[in-house]
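Let's take a friendly look at the empty spaces in this protein, and then at one residue in a helix.

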Amino acid sequence: MADLAPLTPPRTRGDGWRDELRATLRLSWPLATANLLQMLTYAIDVIFIARLGEDQLAASALAVAVFGLVMWALCGLTGAVAPVAAAELGERAPALRPVRRSVRMALWLALFAGIVGMGLCLLLGPLMRVTGQEPQIIALAIEYNTLLVLSMVPMLFNNVLRSFVSTLDRPIFATAITAGGIFVNALANYAFIFGNFGAPELGLQGAAVATIITTFTTLLAYIVAIRLDPRLHRYHIFGRWWSPDWARFRHIAAIGTPIALTITAEAGIFGAAAFLMGNIGASELAAHTVALQIAALAFQVPFGVGQAATIRVGYFYGARDEGGIRRAGWTAIVVGTGFMVLTALAMVVIPKPLIAIYVDPWDPKNAVLVGFALQYIVIAAAFQLFDGMQAVAAGALRGLQDTRIPMWIAAFAYWVPGIGTALVLGFATPLEGTGVWIGLATGLTFAAALLGWRWHRREALGLTLRPASR
């Protein structure tokens, strides 16, 4: 019972910058680690599927491209429960009933959105035919995708529960459960792809079965963790699950929809960049893929800091503490940007060891690919700071439940100066692939500048004024 005492969110522990730094780091590192582990989970799928052959790997890549985009956007939608619950805790902790109702409605939203998302993903077949994919690839992708979509709703449930445990100061559960999911995923892939441990040999479909098993296992782990932890169980978030609170449902959806569209806009520019690189050359596209994977790996840390910023700022927003809002937001921005300084230095100083994570940079047959990748990584180093800054600034603004204008900022930054610069420099100058990467850097720079400006002007814009309690 002693563990019930710290139910009050740690706003009273953030009276100074040093305390806020400790609180931000304590919340950030488990979330960042969970993000990195999630990337490892996807990497394991690729490792196993690659052993089946090029057709299976290509089919899974196309299916996951669509599934991943829809899933990422819907995670942004349902993850809006984090700033809502954080504000409720900041206003009147422990806020048992408000938090319980918010989580319940977020689970409802996950169910409805997941069903819609499954329908969108099932359009993969027509999409592949329109884009001229090979018939055998289309057939394999449809078989894989038809099973894969069954994991969407439980994945979104997991996202809501991860937001809940993190907001209640238990982010380590997200890390541990994600780590455990890696082992489940590896064993299930080994069993169902190749017919080991007495399981049927399902080939590519076995990879989808492994994803479904891993997702439901993860969901069960969250339920057990919430049931056994006194702080979390006290909220009884699964109680009266049939009882609606439509005003709260609409509130979470109103905050989450712009987040989902922002994610779509950001993912879209990187997807468009891949198509642009493909028009330039196969070696350039391969190098782009490697360099982008390195940048994405580094991005998981400021992304986790941004998630922490949403929760920390949300606490103080609910408490109507403008000083706390200022400390929480700026501390997170400094932490996230500071980490990206280190990754930028690593990209400049030791680029080949980083490339070696994905390909052998010393093998002569990779010489052309590595040459292009080294050029792109230098530019990636330059935009690391801006990428980290925009991610954390967006997270801080979400803590203020400010998502609509940041959505328009992201859409403008990525698709006007960003893709515009990529098109001009990539196809109207000799820079080609380097020009496309300069375009990506330009989009991120504009996003960081505009989101940073909005965060700086938050009080003048009235963003820190929390409406009356719902």
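## Hollow spots and a tucked-in threonine

The largest cavity here has a volume of about 60 Å³. Keep in mind that this is a predicted model. Searching the whole structure turns up two cavities of 30 Å³ or more.

What lines the largest cavity? Its walls are made by Ile259, Thr262, Ala394, Arg398, Asp402, Thr403, Pro406, Ala410 and Leu451. Sorted by class, that gives five nonpolar, two polar and two charged residues. Three helices, α11 (246-280), α15 (367-399) and α16 (404-427), each chip in at least two residues.

Now for a pocket. The second largest one has a volume of about 230 Å³. Around it sit Arg104, Leu107, Trp108, Leu111, Phe157, Leu161, Leu219, Ile223, Ile237, Phe238 and Trp241. That lining splits into 10 nonpolar, no polar and one charged residue. Helix α4 gives the most, with four residues.

Here are the helices that each supply at least two residues to the lining of the second largest pocket:

| Helix | Residues |
|---|---|
| α4 | 96-121 |
| α7 | 152-167 |
| α9 | 204-228 |

Finally, meet Thr175, which belongs to helix α8 (residues 171-194). Is Thr175 buried or exposed? Its relative accessibility is 7%, so Thr175 counts as buried. And what is Thr175 in contact with, leaving aside its neighbours within four places in sequence? The partners are Pro30, Leu31, Thr33, Ala34 and Leu37.

Conventions
Residues numbered from 1 in each chain as written. Predicted model: local features only at pLDDT ≥ 70, side-chain atom pairs only at ≥ 80, totals over all residues. Heavy atoms only, no water. 1 Å grid on protein atoms, 1.4 Å probe; cavity = no way out; pocket = protein on both sides within 12 Å on 5 of 7 lines; lining within 4 Å. Points joined across faces, edges and corners; volume = space filled by probe spheres on them. Nonpolar A, V, L, I, M, F, W, Y, C, P; charged D, E, K, R; others polar. Buried < 20%, exposed > 50% of the residue type's maximum accessible area, 1.4 Å probe, protein only. Contact = heavy atoms within 4.5 Å.
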